[in-house]
Amino acid sequence: MGCKPSIDVHVEADDIQDGDVVGCFCGGISQGCMGRLKNSPVPYILRAPTGKKKEIIKYSDIEKFKEIDDHALNVPGSALKSIKSLTKYLVAICDTDKEKVRSFFVWITANISYETSNNKGGGESLTDPNAVFRRRAGDAVGYCNLFATMCKSSGVPVVNLSGFAKRTDHDPEIPYTPHDSPDHAWNAVFVDDDWRFVDCCWGAGYEDETGYWVRKYEEFWFLTDPDKFINDHYPWTSSDRKINNNWQLLKQPITLAEYNKLVKLEETAKDWGLDFSHKEPILIFRKEVHITITASILVRNITCAMETIDHVKMDDYTLVYQFDTLTYSVQARPPSPGTYVLRIYGKKDGEMSQPAQLMVKYLLKCTDVNNYVKSLPYVFTHAQTYHVTLHEPNARELPAKSKVKIRLSSQYLRQIMVENIPLECDENGTWEGKITTPQSGDAIVIYGSTSDDANGKFHSLYKFYIVDKKPK
């Protein structure tokens with residue numbers, strides 16, 4: 001057709017109305033190769049979407065999506081004879097392309113299982129949409145092809161994209177290079193006057209670090225915002241670097257080198273709008289590192305876990321502080337030089353009964369430690385609840401029969417006690433006091449209360465263990 005590049009948009013004969021054209025959408029209106037689909041022009045000009053996902057999915061959409069989701073999750077056997085019959089059934093209650101895309105995404109993520117082998121089924125490729133549809137199994141390309149086939153048959157403009165993706169087992173020490181082949185695939189659809197990303201494969205589940213497929217529906221990968229999508233999806237073709245930039249759908253595209261340096265944020269961290277002070281996945285430091293987390297919504301009970309690369313747990317050498325309602329700090333103090341893995345978890349406010357969700361994972365490279373390496377104090381969850389900052393002591397083990405200064409701050413607590421010894425509070429909300437530690441083998445706990453009543457309820461904040469050996 002003399003236009004490059006192009007997007008083939010297929011429409012079933014039964015769906016063609018007056019003014020509809022099956023053909024190529026490319027370049028721009030001025031090139032004279034702009035077809036019409038349902039009497040609406042579909043531009044190929046790539047740009048950043050004009051609105052965020054939360055702005056284009058309004059309350060009315062959410063209510064309609066509930067109906068569409070139920071419809072897609074309860075497809076009768078009579079509609080499963082072919083992709084065409086399934087698509088016709090799914091779009092029967094849809095009024096817009098956005099609703100059609102929603103129905104396809106929900107059905108595929110609920111019914112197609114990930115299969116790492118492309119050699120099953122008598123030699124028929126699992127990337128073929130009909131094979132994926134029948135076998136309910138496909139790799140990332142298979143998900144894309146099935147989704148694209150359903151979109152095309154219902155008149156929704158769609159493209160298949162491929163590139164580099166940071167999976168669960170992604171190793172930041174092995175960066176992607178221009179010589180690597182793409183290892184993942186996803187789609188872009190044109191809805192509400194913008195191109196938007198859809199990843200049905202990751203929406204259906206994930207491979208854990210052992211390579212086992214875990215089915216888990218993830219809403220995040222439906223019409224994902226480009227600024228969040230780029231964190232772990234980089235479009236790549238070695239033949240045209242301009243395509244790599246354009247299909248990021250960003251106002252300022254990033255390079256492959258910049259992509260490699262972005263720490264992989266889990267869906268929860270991106271969905272909750274968390275900002276981490278350290279943007280790169282590999283942190284090189286001496287003695288200890290502090291990572292600040294700023295949230296845009298209430299996130300409760302942030303915890304972390306540290307281990308060696310040989311999976312030896314080092315949780316005693318980590319500590320989490322909550323400075324205010326939306327700001328946290330994670331402290332890691334490895335006991336010896338070496339490489340460690342630090343995972344940070346959290347719970348969304350109102351979902352405290354749910355298990356903590358992984359938010360981010362860092363690779364720590366500690367080059368030097370103090371002569372006397374101290375494990376960090378044991379922290380109870382109420383220390384975060386009441387935004388307590390422990391200034392000193394900063395070690396889990398305290399020497400026996402010694403004078404120790406206790407100093408901490410909190411804007412919410414009205415009383416703080418070390419065992420049965422009350423601490424004094426100054427005008428800045430800092431509590432101080434000195435205690436004499438008991439004999440070796442015992443432990444002491446710092447308690448806090450939000451009540452002025454001496455008989456009010458006290459909560460455990462920090463715990464220390466008493467040992468014979470004194471710090472050098």
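**Exercise 1. Strand 9 and its neighbours**

Find the residue of strand 12 that stands opposite Val 198, then describe how strand 9 is paired and how far it is enclosed.

Solution.

Step 1. In this predicted model, Val 198 stands opposite Phe 222 in strand 12. Strand 12 covers residues 222-224, and its pairing with strand 9 is antiparallel, over two bridges.

Step 2. Strand 9 also pairs with strand 8; these two run antiparallel and are joined by five bridges. Within that pairing, Phe 190 has Trp 195 of strand 9 as its bridge partner.

Step 3. The hairpin of strand 8 and strand 9 has two residues between the strands, and Asp 192 takes a positive phi near 50° there.

Step 4. For burial, the cut-off is a relative accessible area under 20%. Five of the five residues of strand 9 (residues 194-198) are buried, so strand 9 is largely enclosed by the rest of the structure.

Step 5. In a regular strand, side chains alternate between the two faces of the sheet. For strand 9, Asp 194, Arg 196 and Val 198 lie on one side, while Trp 195 and Phe 197 lie on the other. Both faces are covered, as the residues on each side are buried.

**Exercise 2. Aromatic pairs**

Classify the ring pairs Phe 164 with Tyr 176 and Tyr 234 with Trp 236 as stacked, tilted or edge-to-face.

Solution.

Step 1. The structure holds 19 aromatic pairs. In the pair of Phe 164 and Tyr 176, the ring centres are 4.5 Å apart and the planes make an angle of 15°. Planes under 30 degrees apart count as stacked, so the pair of Phe 164 and Tyr 176 is stacked.

Step 2. Phe 164 belongs to strand 7 (residues 158-165), and Tyr 176 to the loop between strand 7 and strand 8 (184-191). The two residues are twelve residues apart.

Step 3. Phe 164 has a relative accessible area of 0% and is buried. Tyr 176, at 13% relative accessibility, also counts as buried.

Step 4. The rings of Tyr 234 and Trp 236 are 6.4 Å apart, centre to centre, with 35° between the planes; this pair is tilted. Tyr 234 and Trp 236 are both buried.

Step 5. A single aromatic cluster is formed by Trp 186, Phe 197, Trp 202, Phe 220, Trp 221 and Phe 229.

**Exercise 3. Charges over rings**

Which ring does the charged end of Arg 102 sit over, and at what distance from the ring centre of Tyr 259 does Lys 166 lie?

Solution.

Step 1. The charged end of Arg 102 sits over the ring of Phe 222, 5.0 Å from the centre of that ring.

Step 2. Lys 166 lies over the face of Tyr 259, and its distance from the ring centre is 4.2 Å.

**Exercise 4. Salt bridges across the sequence**

Locate the salt-bridge partners of Asp 227, Arg 286 and Arg 343, and state how far apart each pair is in sequence.

Solution.

Step 1. Side chains of opposite charge can pair when their charged atoms come close. The structure holds 26 salt bridges.

Step 2. Asp 227 meets Lys 52 in a salt bridge, at 2.7 Å from N to O. Asp 227 lies in helix 8 (residues 226-229) and Lys 52 in the loop between strand 4 (40-41) and helix 1 (53-56), so the pair ties together parts that are 175 residues apart in sequence. Asp 227 is partly exposed at 41% relative accessibility, and Lys 52 is partly exposed at 34%.

Step 3. Arg 286 pairs with Asp 368, with 2.9 Å between the closest N and O atoms. Arg 286 is in the loop between strand 15 (282-285) and strand 16 (289-294), and Asp 368 in the loop between strand 21 (357-366) and strand 22; the two are 82 residues apart. Asp 368 is partly exposed, at 27% relative accessibility.

Step 4. Arg 343 and Glu 307 meet at 3.2 Å, N to O. Arg 343 is in strand 20 (residues 338-348) and Glu 307 in strand 17 (residues 299-308), so parts 36 residues apart in sequence are tied together. Arg 343 and Glu 307 are both buried.

Step 5. Lys 53, Asp 69, Arg 102 and Glu 219 are joined into one network by salt bridges that share partners.

Key:
Residues are numbered from 1 along each chain as its sequence is written. This is a predicted model: local features need pLDDT of at least 70, side-chain atom pairs count only at pLDDT 80 or more; totals for chains, interfaces and linings use all residues. Side-chain values use heavy atoms; hydrogens and water are left out. Rings of Phe, Tyr and Trp (its six-membered ring) pair if their centres lie within 6.5 Å; planes under 30 degrees apart count as stacked, over 60 as edge-to-face and the rest as tilted. Helices (H or I, at least four residues) and strands (E, at least two) are DSSP runs, numbered from the N terminus. Buried means under 20% relative accessible area, exposed over 50%, partly exposed in between (1.4 Å probe, protein chains only). A charge sits over a ring if NZ of Lys or CZ of Arg is within 6 Å of the ring centre and within 35 degrees of the ring normal. A salt bridge is a side-chain nitrogen of Lys or Arg within 4 Å of a carboxyl oxygen of Asp or Glu. Two strands pair if DSSP finds at least two bridges between them.
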